[in-house]
Amino acid sequence: MAHFKVANSKHEQFWRYLEKSGVLDTLTKVLVALYEEPEKPTSALDFLKHHLRAATPENPEIELLRLELAEMKEKYEATIEENKKLKAKLAQYEPPQEEKRAE
């Protein structure tokens, strides 16, 4: 009988841990979303995985990396544009390819 109480106590502790950490709330929300889907997905597990990833709070480092990536993409695009303009400008001053070969 004492063994049953120990197991029950561990179960209750684990349940409180899941409640405090927000796991139960998140799982409930994802399962409700699946239940409310008008057309059930072919893979319920994939649905859960996708929605659990979306429900996970972002790590601040990840957000900083996303911002840095967006900045780098903008700089890259600006550099590509500048490169095109400089090539066009340079082409004005260089003789055409046929004239270079004739020399």
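**Reading aromatic and surface features**

Colleague: At 53% relative accessibility, does Tyr17 count as buried or exposed?

Modeller: Tyr17 counts as exposed in this predicted model, because its relative accessibility of 53% is over the 50% cut-off. Phe14, with a relative accessible area of 48%, is partly exposed, since that value falls between the limits of 20% and 50%.

Colleague: How many aromatic pairs does the structure hold?

Modeller: The structure holds one such pair. Phe14 and Tyr17 form it, with 6.1 Å from centre to centre and 35° between the planes, and the pair is called tilted because the angle is neither under 30 degrees nor over 60.

Colleague: Where do Phe14 and Tyr17 lie?

Modeller: Both lie in helix α1, which covers residues 2–21, and they are three residues apart, about one turn of the helix.

Colleague: Which ring does the charged end of Lys40 sit over?

Modeller: The charged end of Lys40 sits over the ring of Tyr35, 5.8 Å from the centre of that ring, a distance within the 6 Å cut-off for such a contact.

Colleague: Which residues form a nonpolar patch on the surface?

Modeller: Val23, Leu27 and Leu31 form the patch, and together they have about 230 Å² of accessible area. Leu27 lies in helix α2, residues 23–36, and is partly exposed at 37% relative accessibility, so it passes the 30% cut-off for patch residues.

Colleague: What does the UniProt annotation that covers residues 62–89 say?

Modeller: The unreviewed UniProt entry annotates residues 62–89 as "coiled-coil region". In the model, that span is 100% helix and 0% strand, and its end C-alpha atoms lie 40 Å apart.

Methods: Residues are numbered from 1 along each chain as its sequence is written. This is a predicted model: local features need pLDDT of at least 70, side-chain atom pairs count only at pLDDT 80 or more; totals for chains, interfaces and linings use all residues. Side-chain values use heavy atoms; hydrogens and water are left out. Rings of Phe, Tyr and Trp (its six-membered ring) pair if their centres lie within 6.5 Å; planes under 30 degrees apart count as stacked, over 60 as edge-to-face and the rest as tilted. Helices (H or I, at least four residues) and strands (E, at least two) are DSSP runs, numbered from the N terminus. Buried means under 20% relative accessible area, exposed over 50%, partly exposed in between (1.4 Å probe, protein chains only). A charge sits over a ring if NZ of Lys or CZ of Arg is within 6 Å of the ring centre and within 35 degrees of the ring normal. Patches are made of residues with over 30% relative accessible area and no salt bridge: like charges are joined within 9 Å, nonpolar side chains (Val, Leu, Ile, Met, Phe, Trp, Tyr) within 5 Å. Accessible areas come from the Shrake-Rupley method with a 1.4 Å probe; for residues, only the protein chains shown count as cover. A salt bridge is a side-chain nitrogen of Lys or Arg within 4 Å of a carboxyl oxygen of Asp or Glu. UniProt positions are given in the numbering used here, feature names are shortened, and annotations may be inferred rather than shown by experiment.
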